[in-house]
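Subject: The structure we talked about

Hi,

Here is the structure I promised to send over. Have a look at it first, then read on.

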Amino acid sequence: MSDRTMARQVLLFIWFLSLSSALGQVSYSIPEEMAKGSLVGNIAQDLGLDLKRLNSGKARIYTGDSAEYIELNKERGVLLIKERIDREALCGQTTPCALHLQIILENPMEFFSVTIEITDINDNNPSFEKSMIVFKISETAVLGSKFMLEPAIDLDVGINGLQSYTLKPTDNFNLMFKNQPGDGKNVEMILKRPLDREKQHDIKIVLTAIDGGDPQLSGSIEIHVTVLDVNDNAPVFLQSVYKATVTENAPKDTVVSQVSATDADEGVNSKIEYSIANRQDDARQLFGINQDSGQVTVVGIIDFEKARNYEIRVQASDHGGFTDSCKIIVDVIDINDNKPVINIMSKTNVIAENSASETVVTMINVQDLDSGENGKVQCSVNENIPFTLRSTNANFFSLVTDGDLDRERESEYNISVTCADEGVPSLSSSVTLSLQISDVNDNAPVFDKSTYEASVQENNTPGLSIFTVRARDADFNQNARVSYILEDSSVNGVPVSSLVSVSADSGVIHAVRSFDYEQIKDFQFRVKAQDGGSPPLASNVSVKIMIQDQNDNAPQVLYPVQSGASVVAEIVPRSADVGYLVTKVVAVDVDSGQNAWLSYKLQKATDRALFEVGLQNGEIRTVRQVTDKDAVKQRLTVVVEDNGQPSRSATVNVNVAVADSFPEVLSEFTDFTHDNENLTFYLVLALAVVSFLFIVSIIAILSVKCYRWRRERMFYKSGANLPVIPYYPPLYADVGGTGTLQHVYNYEVCRTTDSRKSDLKYGRPCSESIISLDSSGTQTLTHAQRGKLISEEFCDQQKPPNADWRFTQNQRPGPSGAAATPEVAVGTGPWPNPPTEAEQLQALMAAANEVSEATNTLGPGTMGLSTRYNPQFTLQHVPDYRQNVYIPGSTATLTSNQQQPQQALSPQQAAIAAAAAQPEPPKAAQTPASKKKSTKKEKK
């Protein structure tokens with residue numbers, strides 16, 4: 001680089017800095033290849049801004065579409081290196097190389113421009129494109145002949161760029177540098193000594209390129225020179241620099257420029273060939289030259305976005321190896337030839353229908369390689385959809401929801417995003433985004449009808465399909481799966497589930513049982529439809545089932561009443577006129593509607609000409625005047641028929657007596673009694689059998705009485721103290737609120753001869769359960785206890801009494817019909833009606849029999865209680881007879897001494913003792929005849 005050029009650049013840079021200061025701009029100069037985080041400059045200080053202003057104004061750096069090499073540290077107010085800067089990659093050979101960025105502040109908005117010059121460092125060696133240069137030089141070449149050498153390439157600029165060349169050896173050639181417009185430099189090899197092909201046919205020379213950096217870097221190439229004869233003139237271009245313009249996308253073979261060179265030689269040695277000598281860039285792929293005419297044309301695709309200008313180096317050479325060169329500078333004109341490119345950065349394929357507004361669906365980046373107005377882009381989406389585009393940054397857009405989504409209304413959206421630039425004509429591109437709306441359980445099942453009504457014939461078969469309820473759910477998949485449920489309710493106190501059922505899947509309603517119209521005419525229930533979502537949604541509907549009547553009931557005659565035991569006749573006087581009302585047949589039909597319409601017809605009659613029946617009302621009237629010739633006994637058969645399909649009927653016989661007096665009627669109807677002769681025979685036979693059985697029963701009872709009396713006498717002879725036997729009334733009232741117990745309870749009591757020292761032992765029949773005798777009196781013995789007791793006890797075959805007997809203090813044993821008085825309740829009053837002598841004798845005989853049996857069964861000092869109880873019997877039902885003891889035949893009452901100490905008994909023994917205190921209740925009250933018999937026996 002010459003001193004003049006260097007001075008020009010320094011002046012230009014000083015002018016640029018002064019202009020920047022005047023416009024409020026800041027400029028910095030930094031070397032390339034600085035490390036990340038290196039300081040560029042204190043922007044806050046240079047712009048006169050406070051650090052608080054940088055933070056409050058949200059200061060940021062805007063670089064447009066270029067890469068961000070610089071970042072702003074707002075806390076320190078300085079600019080730092082963000083990415084490594086390679087000046088050669090950033091600017092190439094352009095000088096000065098600078099980064100232009102803007103600092104933007106908000107609240108209020110301010111704009112500052114910052115220019116950062118990137119200075120070059122010596123980081124690139126000079127290099128040659130070829131590995132070797134070959135020349136063919138005529139031996140007649142004159143001294144001073146020039147041979148153009150391929151220049152070396154050094155990506156650095158300024159002092160670090162290519163500075164000089166050296167040539168070794170320099171016996172025949174010297175080097176010469178030739179500056180070209182545009183700061184270009186040609187290297188030429190000058191012949192300083194004549195060549196002698198006979199002495200030296202080939203010459204090898206090393207060309208070395210050296211830059212001006214510190215330390216210096218260099219590169220070399222080998223030159224092979226072949227010496228030829230003749231040709232001693234080189235081609236010469238008319239201009240050293242040519243300028244041209246071309247539009248991008250220009251068609252092939254478009255002429256760009258025309259170069260021309262001349263050669264003073266003649267003949268074949270004056271023929272010049274043109275070629276493009278560019279090695280560094282892609283000019284050879286875009287431009288071509290006619291080697292004979294020197295016309296430069298377009299051979300590739302010119303793209304303004306790749307390069308805005310080109311420098312074409314053209315070389316002219318003759319056959320003698322002489323060359324000359326020139327440069328063509330081509331400027332490219334931009335046209336709007338690039339559509340915006342839509343890039344999907346992030347995309348959601350499925351979105352829930354309950355998504356909130358402004359939910360981001362897709363993020364888009366749009367790029368347009370054109371410049372100026374041709375590169376500005378605007379994007380939009382199709383209308384009438386709940387989506388819109390939001391611009392988040394330059395050429396960045398977000399597709400967001402702009403309304404409520406409803407999968408049931410629209411399950412899928414095809415969103416067309418269109419981006420167009422502002423060029424003329426405008427170019428656009430579009431992309432279609434497919435978005436599925438996922439289902440949310442937000443719709444309850446909906447029935448086809450608000451209410452359902454259906455009818456079914458009565459007497460249907462169980463399981464009959466009545467009709468179907470159907471509900472639809474607008475949701476999808478599992479959320480739309482509907483199940484039908486019969487809601488719990490009752491119809492006339494009966495669960496509705498016992499009448500109908502609902503299929504959970506199909507909604508078919510089935511009859512569970514056969515319906516009877518006469519019992520239920522219609523009923524209502526509710527069916528719930530529930531979907532399978534989570535949580536599930538449901539709706540219900542009212543269903544009314546109406547039972548249709550069938551003619552399944554025959555008419556029933558209410559009057560006259562039909563009875564086989566007696567004859568009923570209607571009396572018609574012989575003086576009855578025409579239309580005399582004899583009687584009226586009354587019938588009903590439990591069916592309804594047409595099935596219950598009854599009609600009456602006279603089926604048979606002794607004299608059809610005498611009577612008629614009203615078709616609708618069933619009235620039997622005379623048709624004519626009754627005469628003396630008419631028979632007294634008239635028998636009419638009336639048919640009552642309903643109006644059903646098929647119809648049902650009933651018949652009734654009406655006996656009519658045509659007479660003026662009752663004896664006359666009896667004389668005529670005595671023959672009706674002949675039919676009852678057989679019935680009388682059977683009644684007499686039954687009476688005889690019953691009488692025989694009664695006599696046998698009396699004999700058996702007397703035999704038993706005598707046997708017991710004999711046992712009683714044997715008991716008295718033993719000299720033991722007999723216990724006092726109370727009198728038991730035949731009936732006891734139930735105090736539990738369940739009614740009166742109309743049964744006599746017999747219990748067999750076994751005692752030893754010494755009652756005061758008696759122990760109780762109870763047994764149970766082999767076929768009955770053993771009651772529990774614990775303190776509570778309500779539990780049942782376990783199987784182990786039961787087995788132990790069975791092994792110790794005997795079985796009694798007496799039938800069990802009724803389990804439901806309970807007594808109050810007012811219902812203690814006494815004579816039949818005795819009323820409870822306060823004295824009796826407390827155990828101090830007299831016996832209201834003392835028992836008869838026969839009753840006393842009966843009680844004594846029963847006690848003697850029981851004592852005798854107990855003596856034979858139990859050991860000394862033991863008393864057994866053999867009875868059979870109902871499993872639910874508890875000792876709380878047993879009255880306590882130890883408080884009051886009544887002596888038969890006396891009005892005195894013995895009351896137990898509360899102060900007298902008694903022997904403590906275990907709960908089991910106490911319960912058994914209480915149960916053992918119940919002797920057998922007496923038989924029913926005796927007649928006077930039986931009393932006389934018992935008196936005679938007593939006297940004997």
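Below is what I found in it, starting with the whole protein and then going into the details.

One thing to keep in mind is that this is a predicted model. The protein has 940 residues, and 39% of them count as buried. If you colour it by secondary structure, you should find twelve helices and 58 strands. The accessible surface adds up to about 51900 Å², with 52% of that belonging to carbon and sulfur atoms. I also looked at contacts between residues at least 6 apart in sequence: 69% of these join residues at least 24 apart.

Now for the aromatic rings. There are eleven aromatic pairs in the structure. Take Phe 287 and Tyr 310: their ring centres are 5.5 Å apart and their planes stand at 70 degrees, and since anything over 60 degrees counts as edge-to-face, that is what this pair is. Phe 287 belongs to strand 20 (residues 287-289) and Tyr 310 to strand 22 (residues 309-318), so the pair links distant parts of the chain, with the two positions 23 residues apart in numbering. Both Phe 287 and Tyr 310 are buried.

Another pair to click on is Phe 681 with Tyr 682. The centres of these rings are 5.5 Å apart and the planes are at 65 degrees, so this pair is edge-to-face too. Are the two residues buried or exposed? Phe 681 has 52% relative accessibility, so it counts as exposed. Tyr 682 is exposed as well, at 55% relative accessible area.

Two more things about rings. Phe 135, Phe 147, Phe 173 and Phe 322 are linked by ring pairs into a cluster. And Lys 521 lies over the face of Tyr 517, 5.0 Å from the centre of the ring.

Next, a sheet you can trace by eye. It is an open sheet of three strands in the order 45-49-48, with antiparallel pairing. Which strands stand at the edges? They are strand 45 (581-584) and strand 48 (611-613); each has a single partner strand, so one side of each has no neighbour in the sheet. On average, and ignoring direction, neighbouring strands here are turned by 20 degrees against each other.

You can follow the pairing residue by residue. Strand 45 and strand 49 run antiparallel and are joined by three bridges; here Thr 583 has Ile 620 of strand 49 as its bridge partner. Strand 48 also pairs with strand 49 (residues 619-622) in the antiparallel sense, over three bridges. Glu 612 sits opposite Arg 621 in strand 49, and Val 613 stands opposite Ile 620. Strands 48 and 49 form a hairpin with five residues between them, and in that hairpin Gly 618 takes a positive phi near 75 degrees.

Last stop: Val 561. You will find this residue in the loop between strand 43 (556-559) and strand 44 (569-572). Val 561 is exposed, with a relative accessible area of 57%. Its C-alpha atom is 9.7 Å from that of Val 586, a residue 25 positions away along the chain.

Have fun turning it around on screen, and write back if you get stuck.

Cheers

Definitions and conventions. Residues are numbered from 1 along each chain as its sequence is written. This is a predicted model: local features need pLDDT of at least 70, side-chain atom pairs count only at pLDDT 80 or more; totals for chains, interfaces and linings use all residues. Side-chain values use heavy atoms; hydrogens and water are left out. Rings of Phe, Tyr and Trp (its six-membered ring) pair if their centres lie within 6.5 Å; planes under 30 degrees apart count as stacked, over 60 as edge-to-face and the rest as tilted. Helices (H or I, at least four residues) and strands (E, at least two) are DSSP runs, numbered from the N terminus. Buried means under 20% relative accessible area, exposed over 50%, partly exposed in between (1.4 Å probe, protein chains only). A charge sits over a ring if NZ of Lys or CZ of Arg is within 6 Å of the ring centre and within 35 degrees of the ring normal. Two strands pair if DSSP finds at least two bridges between them. Axes are lines fitted to C-alpha atoms, for helices over the stretch in contact, and angles run from 0 to 180 degrees between N-to-C directions. Contact means heavy atoms within 4.5 Å. Accessible areas come from the Shrake-Rupley method with a 1.4 Å probe; for residues, only the protein chains shown count as cover.
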